[in-house]
Amino acid sequence: MIPAAFGYNAVLSLFTAAQGCKDKSASCIVNNIDSVKDIDTSFNSVSFKNRSLQVGLAFFQIKNGEVEDLNLG
């Protein structure tokens, strides 16, 4: 199941980058990938910075039927 999620997220990110390209060329998409900011995916919110994927993670714990936020800040 996880490999499918990675594939879905990759296609979604490339599609988002391609929306800013008139010619839809590979070079335009690669150059435009850093414009992908805070899109909702199966892994929460993702962005690109210097062509590196930035994934925002959130951690929660269910304890005695209650959801506890384990995130700092």
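Q: What makes strand β2 (residues 44–49) and strand β3 (residues 52–56) a pair in this predicted model?
A: Two strands count as paired if at least two bridges are found between them. Strands β2 and β3 run antiparallel and are joined by five bridges, so the criterion of at least two is met.

Q: Which residues stand opposite each other in β2 and β3?
A: Phenylalanine 48 has leucine 53 of β3 as its bridge partner. Serine 47 is placed opposite glutamine 54, also in β3.

Q: What marks the turn of the hairpin formed by β2 and β3?
A: Two residues lie between the strands, and asparagine 50 adopts a positive phi near 50°. Arginine 51, in the loop between β2 and β3, has a phi near 60°, which is a positive value in a residue other than glycine.

Q: Why is arginine 51 called exposed?
A: The term applies over 50% relative accessible area. Arginine 51 has 52% relative accessibility, and therefore counts as exposed.

Q: What is the order of the strands in the open sheet, and how do they pair?
A: The sheet has three strands in the order β1-β2-β3, with antiparallel pairing. Its edge strands are β1 (39–41) and β3, each of which pairs on one side only. On average, neighbouring strands of this sheet are turned by 40° against each other, direction ignored. In general, the strands of a sheet pair through backbone hydrogen bonds.

Q: What makes β4 (residues 60–63) and β5 (residues 66–69) a pair?
A: Four bridges connect β4 and β5 in the antiparallel sense; at least two are required, so the two strands qualify as paired. Lysine 63 stands opposite glutamate 66 in β5. The two strands form a hairpin with two residues between them, and asparagine 64 in the turn has a positive phi of about 55°.

Q: How do you know that cysteine 21 and cysteine 28 form a disulfide?
A: A disulfide requires a pair of cysteine sulfur atoms within 2.5 Å. The sulfur atoms of cysteine 21 and cysteine 28 are 2.2 Å apart, so the pair satisfies the cut-off. A search of the whole structure finds one disulfide.

Q: What is the handedness of the link between cysteine 21 and cysteine 28?
A: The link is left-handed, with -95° about the S-S bond.

Q: Why are cysteine 21 and cysteine 28 described in separate terms, one buried and one partly exposed?
A: Buried means under 20% relative accessible area, and partly exposed lies between that limit and 50%. Cysteine 21 has 3% and is therefore buried. Cysteine 28 has 22%, so this residue counts as partly exposed.

Q: What is notable about the phi of aspartate 38, and where is the residue found?
A: Its phi is near 50°, a positive value in a residue other than glycine. Aspartate 38 is found in the loop between α2 (26–32) and β1.

Q: Why does aspartate 38 count as exposed?
A: Exposed means over 50% relative accessible area. Aspartate 38 has 58% relative accessibility, so the term applies.

Q: Is tyrosine 8 exposed or partly exposed, and why?
A: Tyrosine 8, which lies in helix α1 (residues 2–18), has a relative accessible area of 48%. Exposed would require over 50% and buried under 20%, so the residue falls in between. Tyrosine 8 is therefore partly exposed.

Q: What separates the C-alpha atoms of tyrosine 8 and threonine 41?
A: These atoms are 8.2 Å apart, while the two residues are 33 residues apart along the chain.

Q: How does the radius of gyration of the chain stand against that of a compact globule?
A: The chain has 16 Å, whereas a compact globule of 73 residues would have a value near 11 Å. The C-alpha trace spans about 55 × 30 × 15 Å along its principal axes.

Q: What pattern do the helices and strands follow along the sequence?
A: The chain has two helices and five strands, and reads α-α-β-β-β-β-β.

Q: What share of the residues in the chain is buried?
A: Of the 73 residues, 23% are buried; each of these has under 20% relative accessible area. The accessible surface of the chain comes to about 5600 Å², and 60% of that surface belongs to carbon and sulfur atoms.

Methods. Residues numbered from 1 in each chain as written. Predicted model: local features only at pLDDT ≥ 70, side-chain atom pairs only at ≥ 80, totals over all residues. Heavy atoms only, no water. Axes fitted to C-alpha atoms, helices over the stretch in contact; angles between N-to-C directions. Buried < 20%, exposed > 50% of the residue type's maximum accessible area, 1.4 Å probe, protein only. Rg over C-alpha atoms; globule rule 2.2 N^0.38 Å. Areas by Shrake-Rupley, 256 points an atom, 1.4 Å probe, with all protein chains shown as cover.
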